[in-house]
Amino acid sequence: MVGIGEAREGYARYLRLERGCSEHTVRAYGADLGDLERFAEARGVQDVEGLDLEVFRDWLWEGSQWELAKATLARRAATAKTFSAWLRQTGLTEVDAAVRLRAPKPDRSLPRVLSDDSMGAVLQTLQERAAEGEPGALRDVAVVELLYASALRVSELVGIDVDDLDLDRRTVRVVGKGSKERIVPFGKPAQLALSDYLARARRPLLERSEKPQKGALFLGSRGGRLGTRAVYQLVAALLESVPGSGPAGPHALRHTAATHLLDGGADLRAVQEMLGHASLGTTQIYTHVSVERLRSSYKAAHPRA
């Protein structure tokens with residue numbers, strides 16, 4: 001008999017090494033399965049053979065009683081189904097117990113998008129902070145300019161090395177989900193911010209570290225590679241006073257960039273390629289955002305709205 005915890009560790013290795021999933025994805029699956037293990041053990045289930053359909057269903061039901069969001073329940077169901085399928089494929093269980101598991105469909109909420117003026121105000125705030133030439137402030141300008149210019153995921157941004165950057169062509173190579181590489185363009189403002197950061201800020205930041213990350217493009221306050229949490233804190237603080245609903249993290253800048261591209265007439269498939277979406281359907285949510293923005297502008301401006 002194989003314990004649930006042992007199987008969970010094996011599944012994490014499978015996701016990381018064979019599926020090429022990011023550490024963020026592996027941690028998310030691991031958190032869900034850790035909670036499943038807690039729930040199963042409370043019911044006296046110690047090994048994977050005891051994970052039957054009833055256990056999976058009751059685990060999701062418990063989550064619904066805790067009033068977890070439909071999106072969270074849907075993710076938990078997906079985690080259970082893929083884990084159960086892996087258990088069967090590897091011979092750890094005789095059947096795929098979760099194959100008939102169902103969960104509520106997640107609500108399709110529109111992402112947070114900043115207006116052109118709000119985005120301009122955010123960048124102006126950063127420029128003012130960097131006026132004295134403090135290395136961290138210069139880095140922050142370059143970080144936000146590149147996030148917005150190239151619609152990057154935060155994990156992609158912090159993984160960039162200096163050699164991935166081509167300032168002359170205004171492109172950057174990033175590694176997205178599933179370890180897929182792509183080349184993404186950026187504009188003149190981001191080029192200037194990056195050039196300024198490299199010329200005046202990166203070396204002073206690098207010298208603060210006893211173990212310098214010489215290859216990393218963006219460095220933290222102690223000279224190591226800039227972490228995702230630091231970027232989240234930076235962007236969340238910047239967007240705290242900006243009007244709008246929805247999450248105020250770096251992903252809001254990715255949503256904003258994609259929407260502004262479509263508003264400006266960019267081709268949907270070109271935006272899909274830039275964002276690194278495997279499915280065009282994922283990118284199409286931004287067409288709905290653009291329609292909502294158009295509807296709001298129409299109601300505010302048209303005399304017969």
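In the predicted model, three strands form an open sheet in the order E1-E2-E3, and the pairing within this sheet is antiparallel. Strand E1 (165-166) and strand E3 occupy the edges, where each has a single partner strand, so one side of each is left without a neighbour in the sheet. Strands of a sheet pair through backbone hydrogen bonds, in either a parallel or an antiparallel arrangement.

The pairing of E2 (residues 171-175) with E3 is antiparallel and extends over 5 bridges, and within this pair Val172 is placed opposite Val184 of E3. The hairpin that E2 and E3 make has 5 residues between the strands, and in this hairpin Gly178 adopts a positive phi near 70°. Strand E3 (residues 181-185) presents two faces: Arg182 and Val184 lie on the covered face, whereas Glu181, Ile183 and Pro185 lie on the uncovered one. Val184 thus belongs to the covered face of E3 and is also the residue that stands opposite Val172.

Helix H6 (residues 135-150) comprises 16 residues and reaches 22 Å from its first C-alpha to its last, close to the 22 Å expected at 1.5 Å a residue. The helix is mostly covered, with 14 of its 16 residues buried. At the N-terminal end of H6, Glu134 acts as a cap, with a side-chain oxygen 2.9 Å from the backbone nitrogen of Gly136. After H6 comes Ala151, whose phi is positive, near 55°.

Conventions. Residues are numbered from 1 along each chain as its sequence is written. This is a predicted model: local features need pLDDT of at least 70, side-chain atom pairs count only at pLDDT 80 or more; totals for chains, interfaces and linings use all residues. Side-chain values use heavy atoms; hydrogens and water are left out. Helices (H or I, at least four residues) and strands (E, at least two) are DSSP runs, numbered from the N terminus. The expected span of a helix is 1.5 Å times one less than its number of residues. Buried means under 20% relative accessible area, exposed over 50%, partly exposed in between (1.4 Å probe, protein chains only). A polar contact is a pair of N or O atoms within 3.5 Å; within protein, one must be able to donate a hydrogen and the other to accept it, and residues adjacent in sequence count only if both atoms are side-chain atoms. Two strands pair if DSSP finds at least two bridges between them.
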